[in-house]
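User: Hello! I am new to this structure and would like to learn why its parts get the labels they do. Could you take me through it?

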Amino acid sequence: MAEISEQTAHTRTASYLAEKGEVGRVLLLYSGGLDTSVMLKWIADEYEAEVVTLTVNLGQPGEDYEVIEAKARQIGAVECHTLDAREEFARDFVLPAIKANALYGGGYPLFTALGRPLIAKLAVDVARASGCDTIAHGCTGKGNDQVRIEATIATLAPELKVIAPVRGWQMGREQEIEYARKHGIPIKTHPSQGTEIAPYSIDDNLWGRSSEGRWIEDLGHAPDDDVFQLVTPPERAPDEPEVVDVTFERGVPVTLNGERLGLVELIERTAEIGCRHGVGIVDHIEDRIVGLKVRDIYEVPAAAIILLCHQELEKLVGTIHQNQFKPGLERQWAYLVYAGLWWEPLRADLDSFMQRVNEQVTGTIGVKLYKGSVRVVTRASPNAVYDQALASFGESGGLFSQQASPGFIELWSLQSRMAYQLRARDAEK
Ligand code: ARG
């Protein structure tokens, strides 16, 4: 393109990446961890920029947002924002995923993939409101999250630039710790070694938790129990099973064991019960957007229960044709979301379909939880396309005559029988 200067064309791999001279005030997506804490100081120095931080609460357990803000100020943030986005996350991101029975690769309920477009959208809002020209995030160059965040920013705010220092600065963990020490950035230290606890790489929110790194990268290494910070290992779960009922109205889970709850609370309470019974552990090999395969350990107690109930109820109220067709669209929905294309119009088109199907998804499913397993045990729906009298082995009732079935079978199998005979004839030659 003619308007890009020659120098820029050499150095920029994407037009939205910030050049040094154009950065004045940066909105940093800040978690309070080592990477983003080092980034805060490094950006302020390297770009001579003011740094505004944003920390988003999506229901990740055990976070102290006041401590995180205080740390950001101490390192030099000029403004700190914390947003509680749990309601929006549940309503606008998790709920569509429930209606789409969304599981990527057959096991990953997409909690991180659902959270990133919201986090990036909020970053755009706050960046604009606080006069920032650039958004900074702490993703590496190997993962999916860089794609989700940058695709969102480039889509929603073409005027904003992006910097992703971790992708370029080539500091390893030890060098980051050294940098932090040198600049008085507080780090959590391990009592025995005097360095920060070498951690798993964790991401979590209301809808689940992932762990990567350390022994997880060794495919032959079965999970060590210390990775499970949410779900009780099934071996240690109670000896008594527990039955849980989830009621849906038009695809929305609205009551848990008969108690009406808002979506955030319903998800949190379901997760608690699932955790107790060892439910929702997924040891998953995944095809990333960026070529690589990776192994993740997921703890998804709420998703394991709610998705199963939803899927079961949907099966009951849908016709055979709906039930045969929908999984293909669900897979496409999950793939788009996984692959960072939340804002792609096909996702919204698919949502309209999911929404339409879910108009019928009203009823209650009971599941039994026991030492890591979750199994449907009861079903009830005013919209079930099910008639107990018809299904039973007794009389057919008035809807059809069993005498008519042979005629149906003859026509139903007609083409298949003809094709079979043709092949049998050719095989004899
Ligand atoms: N593999 C999952 C995904 O791509 C989880 C990624 C977790 N992200 C992280 N930065 N630790 O969505």
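Analyst: Gladly! Let us start with a term: a polar contact is a pair of N or O atoms within 3.5 Å; within protein, one must be able to donate a hydrogen and the other to accept it, and residues adjacent in sequence count only if both atoms are side-chain atoms. Please keep in mind that this is a predicted model, where local features need pLDDT of at least 70 and side-chain atom pairs count only at pLDDT 80 or more, while totals for chains, interfaces and linings use all residues. Residues are numbered from 1 along each chain as its sequence is written, and side-chain values use heavy atoms, with hydrogens and water left out.

User: What makes Glu286 a polar contact of the ligand?

Analyst: An N or O atom in the side chain of Glu286 is 2.8 Å from a nitrogen atom of the ligand. The limit is 3.5 Å, so the pair counts as a polar contact. Ser201 also has a polar side-chain atom 3.3 Å from a ligand nitrogen, and one of Tyr108 lies 2.5 Å from a ligand oxygen.

User: How much of the ligand does the protein cover?

Analyst: The protein covers 88% of the 350 Å² of accessible area that the ligand has on its own (Shrake-Rupley method, 1.4 Å probe; for residues, only the protein chains shown count as cover).

User: Why are Asp283 and Arg295 called a salt bridge?

Analyst: The term asks for a side-chain nitrogen of Lys or Arg within 4 Å of a carboxyl oxygen of Asp or Glu. In this pair N and O are 2.8 Å apart, so the label fits. Asp283 lies in strand β11 and Arg295 in strand β12, so the pair ties together parts that are 12 residues apart in sequence (strands are DSSP runs of E, at least two residues; helices are runs of H or I, at least four; both are numbered from the N terminus).

User: Why is Arg295 called buried, and what is Asp283 called?

Analyst: Buried means under 20% relative accessible area, exposed over 50%, and partly exposed in between (1.4 Å probe, protein chains only). Arg295 has 7%, so Arg295 is buried. Asp283 has 41%, so Asp283 is partly exposed.

User: How do you know that Leu399 is exposed?

Analyst: Its relative accessible area is 65%, so Leu399 passes the cut-off for exposed. Leu399 sits in the loop between α13 and α14.
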